[in-house]
Amino acid sequence: MTELQNRLRDELSPYLQQHSGNPVHWFPWCEEALEKARAEDKPIFLSIGYSTCHWCHVMAREVFTNKEAADKLNQWFVSVKVDREERPDIDQLYMSATMAMTGSGGWPLSLFLFPDGQPFFCATYIPLNSNLHSIGFLDVLEAIHESWLKNRDELTDTAKKTVRIIRRVRQLPSALSPEELAGKCFHILQKAYDRKRGGFGPAPKFPRPSVFDFLMNYAAVSGDSTAQSMVTKTLTAMAEGGIYDQLAGGFHRYSVDAEWRTPHFEKMLYDQAQLIETYSMVYERTGEPLYSNVIRETIGYLFTTLKSSCPLFYSAEDADSPDPYQEDGHGEGLYYLWTEEEIIQILGRDVATLFTYHYGIEFDGNLTVDPRKEFTGRNILYCKHPLADTARRHNLSETETIHMLTEAKQRLLATRKMRIRPHCDTKIITSWNCMLVRALAKAGRALDNEEYVLQADAMLTFLWNNLRNDGAYQLFRLYDVRKGKKQGKGQLDDYVHMTSASIALYTITKKKQYLEQAVNLTQEQLAVFWDDGQQCFYDSAPDTTLLMRTYAEQDGAEPAANSVAADNLMQLTTLTQDGSYARVAKKVISSFAGKMESYPAAMPLLVRVLHGASDTQQI
């Protein structure tokens, strides 16, 4: 193995480590790679993914271990591998380019760039060989190499058009009032709402905590109880579905069907953190016992599975795992699935009859989406029948039924623990841990659990002491607990989520140090990320290797960093009685006014901030 093949071996990212043994001569994103492309007049092949991504694994096995593909990459291109969670700035830039060029996105991202970073070909997963549905990677390499030599002007035109599309244009102020924007956002969500199964839109269904946050606020401000009922039905459907791990707690990434039954099986720290906060918020409003159980179980999952040796938490668990029923088998979700036969063997037929009725177990399997027929005979646990129905059908009291189901789940969990767990991505990410700090603090308040607040306090103290430049307010993005090493410039989301965590802990504990932290971090954020031209914050830290610095315009799986920044600024206005924060928040909100007016449901958190601020006459 050559030195070039080992350029990823010393990287902190487990994703980059996974590719350190490929025959592809990978570089991490660095000036050296860009300079090599310039000096040798070669295009860059950029591959972006993350270590718990199912289709990243598939492409790695099919393409990046293939000698013919590697030889062509090594001869004709400079190949760069990026972990999207380590470098969200690079991911966001080139995801925008992919969306502009193809109309869709996802991971792995596969792009070809000029040496200056301008993209001229964008795709996601590409199979090794061409088939009826897709051109293969080998043919893509041949075609791009040929075009690079003979038709470079066409590639240049494509790149320039793409860059023009993704370069943000200053937006005009909105003609709608805050109340009108909030009302428009609500009606869009109401139209997309699935009245039968909860959630918004058709499959696949993603949890979007920023939507829940907006709707709960809208219900409180407007008095429209419909908004709250949309949230509670969705949260209940999620908690009873296969997207929720019925044995050990914690949420899978999303549901591939409309019924919340068949999940995409990876578990992300940012999902757990945001949903703990969501369920805590709604539990405080409703007192629904199911929600308090979800909070406790999900926090329990984090402590048993993603907790590191320091107070912080790892970033994710993989979707894929070894097959417990087939030697050398490996695939998505297999750690979590069961055959009816094994359930009967573990529980005995009488208890299994009760259990399989309640959790929807079927002999042929119960997963609703199985295009490759890999789940035949496999079952995910989901609450098919209400507890009262299960008890009545089996001539039991509800108390007896709960006892039997709980005992059965413990026995299945004990069996599952003997299986090989999915891979854990041991990156510790500042922003995601700060999300969890805030969630634990709010869960502690909602459930009157001091231990959760103490854990949040310990986490934020550790982050402040170890993920920050000594004597300054400059943050790092990553922490390697094994080496005690911090790495990578903090991005805007690291700053805004640490600020938000500090505000939450100050609000709950009244420790002045947390308000001081929030103020100091906000000042640093203004110094490092503020863009005078756009009148908002760049998402990315300064980096001369980047084609441009970007701004997210959607509150998606994670909220846009500018949305969180505006929320923090409005809270600081109240806490410090300093109107300068509200003035900056107003500039941020105005910067995204065009996006909010055209489709406010894309940025529900920012709409909520504006609506709430107008209600209190802060803006």
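# Exercises on cavities, cores and the sheet

The largest cavity has a volume of about 70 Å³. The structure is a predicted model, and the exercises below treat its voids, its nonpolar cores, its sheet and selected buried residues.

**Exercise 1.** State how many cavities of 30 Å³ or more the structure holds, and characterise the lining of the largest cavity by class.

*Solution.* Step 1: the count of cavities at or above 30 Å³ is one. Step 2: the lining consists of Gly242, Tyr244, Asp245, Gln246, Leu247, His252, Tyr336, Trp338, Ile380, Leu381 and Arg416. Step 3: sorted by class, these lining residues give six nonpolar, three polar and two charged.

**Exercise 2.** Describe the second largest pocket by volume, by the residues nearest its centre and by the elements that line it.

*Solution.* Step 1: the volume of this pocket is about 1100 Å³. Step 2: its lining comprises 38 residues, with Asp213, Glu277, Lys442, Asp567 and Arg608 nearest the centre. Step 3: two or more lining residues come from each of α9 (209-222), α11 (269-286), α17 (430-447), α19 (492-509), α21 (561-576) and α24 (604-615). Step 4: the greatest contribution is that of α11, with eight residues. Step 5: the class composition is 16 nonpolar, 13 polar and nine charged residues.

**Exercise 3.** Identify the members of the largest nonpolar core that touch the most other members, and list the contacts of phenylalanine 137.

*Solution.* Step 1: the largest nonpolar core has 147 residues, and Phe137, Tyr279 and Leu436 touch the most other members. Step 2: α17 supplies the largest share of this core, ten residues. Step 3: with neighbours within four places in sequence set aside, phenylalanine 137 contacts Phe45, Met59, Val63, Phe64, Ala69, Leu73, Ile126, Pro127, Leu128 and Asn129. Step 4: a second core, separate and made up of 24 residues, includes Ile44, Ile90, Leu93 and Ala97.

**Exercise 4.** Determine how far helix α3 (residues 54-64) is covered.

*Solution.* Step 1: of the eleven residues of α3, eight are buried, and the helix is thus mostly covered. Step 2: the buried residues are His54, Cys56, His57, Val58, Met59, Ala60, Val63 and Phe64. Step 3: three of these names, Met59, Val63 and Phe64, also appear among the contacts of phenylalanine 137.

**Exercise 5.** Give the strand order of the open sheet, and find the bridge partner of leucine 111.

*Solution.* Step 1: the sheet has five strands in the order β1-β3-β2-β4-β5, with mixed pairing. Step 2: β1 (27-28) and β5 (119-123) are the edge strands, each pairing on one side only. Step 3: β4 (residues 109-113) pairs with β5 in the antiparallel sense over four bridges. Step 4: the bridge partner of leucine 111 is cysteine 122, in β5.

**Exercise 6.** Decide why asparagine 366 and asparagine 562 count as buried, and give the setting of each.

*Solution.* Step 1: asparagine 366 is placed in the loop between α14 (349-359) and α15 (387-393). Step 2: asparagine 366 counts as buried because its relative accessible area is 2%, the cut-off being under 20%. Step 3: beyond residues up to four places away in sequence, asparagine 366 touches Arg261, Tyr359, Gly360, Ile361, Arg378, Asn379, Ile380 and Tyr382. Step 4: asparagine 562 lies in helix α21. Step 5: asparagine 562 is likewise buried, because its relative accessibility is 0%. Step 6: under the same sequence exclusion, asparagine 562 touches Leu492, Cys536, Phe537, Asp539, Tyr551, Val588, Phe592 and Leu606.

Definitions and conventions:
Residues are numbered from 1 along each chain as its sequence is written. This is a predicted model: local features need pLDDT of at least 70, side-chain atom pairs count only at pLDDT 80 or more; totals for chains, interfaces and linings use all residues. Side-chain values use heavy atoms; hydrogens and water are left out. On a 1 Å grid over the protein atoms alone, a cavity is a set of points where a 1.4 Å probe fits but cannot get out, and a pocket is an open set with protein on both sides within 12 Å along at least five of seven lines; lining residues have an atom within 4 Å of a point. Grid points are joined across faces, edges and corners, and a volume is the space filled by probe spheres set on the points. Ala, Val, Leu, Ile, Met, Phe, Trp, Tyr, Cys and Pro count as nonpolar, Asp, Glu, Lys and Arg as charged, and the others, Gly among them, as polar. A nonpolar core is a set of buried Ala, Val, Leu, Ile, Met, Phe, Trp, Tyr and Cys residues joined through side-chain atoms within 4.5 Å. Buried means under 20% relative accessible area, exposed over 50%, partly exposed in between (1.4 Å probe, protein chains only). Contact means heavy atoms within 4.5 Å. Two strands pair if DSSP finds at least two bridges between them.
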